[in-house]
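Biologist: Please walk me through this model. I will ask about packing and pairing, and I want short answers.

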Amino acid sequence: MSTLSTATLALPVGKRDHIQGSSSAAVTLVEYGDYQCPFCGNVQPIIKKLQQYFGGQLRFVFRNFPQSRVHAYAERAAEAAEAAGKQGKFWEMHDYLYEHQEALDAENLVQAAVTLGLDRVKFNREVAERVYAARVQQDLQSGIDSGVGGTPTVFINGVRNDDDDDFETLKTKIDEAILLRKASKEKRRS
């Protein structure tokens with residue numbers, strides 16, 4: 001049974017976002033996540049499965065929402081992902097961090113950079129100098145403005161999902177969003 005949410009995405013998806021998929025996709029799924037959050041780690045394979053299932057009909061956007069009070073390494077991990085993104089490897093770092101949630105301290109972030117073939121000196125400097133702290137805080141604030149209280153929080157076409165984040169629930173909601181978009185297009189044509 002679907003729960004209706006009134007919470008909507010305060011900051012529209014745009015050029016500043018990390019995006020997988022086409023802007024013409026029928027559905028945009030935005031996740032506010034924390035690299036140290038075990039629940040976010042559990043939802044990652046589900047999102048990958050949804051991307052595979054829906055293909056070009058689904059666009060995925062990730063925004064940082066580090067829960068620093070409970071996860072000591074979350075903010076620095078988010079900044080590391082942004083640093084990797086500047087070198088064209090955001091998604092590789094994103095996946096690496098979720099696959100290695102138990103090892104997000106400074107030494108392991110350097111190892112991640114080496115493993116991904118990043119410019120290690122540049123990466124280390126940017127992470128040490130917290131070059132991307134403001135960028136991470138902007139994501140965090142956009143989440144707060146959108147009613148995000150914890151992670152993971154998922155929005156489907158701008159509306160917060162207040163139901164479970166399991167595959168079947170999200171698949172059903174995405175199917176509904178696709179049907180709604182098709183009906184809207186047909187209505188405009190007539």
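The questions below go from the cores to a helix, then to the strands and one glutamate.

Biologist: Which residues touch the most other members of the largest nonpolar core?

Modeller: Bear in mind that this is a predicted model. The largest nonpolar core has 43 residues. The members that touch the most others are Tyr35, Leu50, Met93, Phe123 and Ile174.

Biologist: Leaving aside neighbours within four places in sequence, which residues is Met93 in contact with?

Modeller: Met93 belongs to that largest core. With neighbours within four places in sequence left out, its contacts include the alanines Ala80, Ala81, Ala84, Ala112 and Ala113. The others are Leu116, Leu118 and Phe123.

Biologist: Which residues does the second, separate core include?

Modeller: In soluble globular proteins, nonpolar side chains tend to be buried together. Here a second core of eight residues is separate from the largest one. Among its members are Leu9, Tyr32, Val148 and Phe155.

Biologist: Within what arc do the buried residues of H4 fall?

Modeller: Helix H4 spans residues 106-115, and its buried residues are Leu109, Val110, Ala112 and Ala113. Seen down the helix axis, they line one face of H4, because they fall within an arc of 155°.

Biologist: What covers the buried residues of H4?

Modeller: Just past the end of H4, Gly117 has a positive phi of about 75°. The cover over the buried residues of H4 includes helices H2 (74-86), H3 (90-99) and H5 (120-128).

Biologist: In strand E4, which residues are buried on each side?

Modeller: E4 covers residues 153-156, and both of its faces are covered. Thr153 and Phe155 are buried on one side. On the other side, the buried residues are Val154 and Ile156.

Biologist: What is the bridge partner of Phe155 in E5?

Modeller: E4 runs antiparallel to E2 (residues 27-33), with four bridges, and Val30 stands opposite Phe155. E4 also runs antiparallel to E5 (residues 159-160), joined by two bridges. E4 and E5 form a hairpin with two residues between them, and Asn157 in the turn has a positive phi of about 50°. In E5, Phe155 has as its bridge partner Arg160.

Biologist: How many Å apart in space are Glu168 and Leu50, C-alpha to C-alpha?

Modeller: Glu168 sits in helix H7 (residues 167-189). Its relative accessible area is 48%, so Glu168 is partly exposed. Glu168 and Leu50 are 118 residues apart in sequence. In space, their C-alpha to C-alpha distance is 9.5 Å.

Notes
Residues numbered from 1 in each chain as written. Predicted model: local features only at pLDDT ≥ 70, side-chain atom pairs only at ≥ 80, totals over all residues. Heavy atoms only, no water. Buried < 20%, exposed > 50% of the residue type's maximum accessible area, 1.4 Å probe, protein only. Core = buried A, V, L, I, M, F, W, Y, C linked by side-chain atoms within 4.5 Å. Contact = heavy atoms within 4.5 Å. Arc of directions from axis to C-beta. Pairing = 2+ DSSP bridges.
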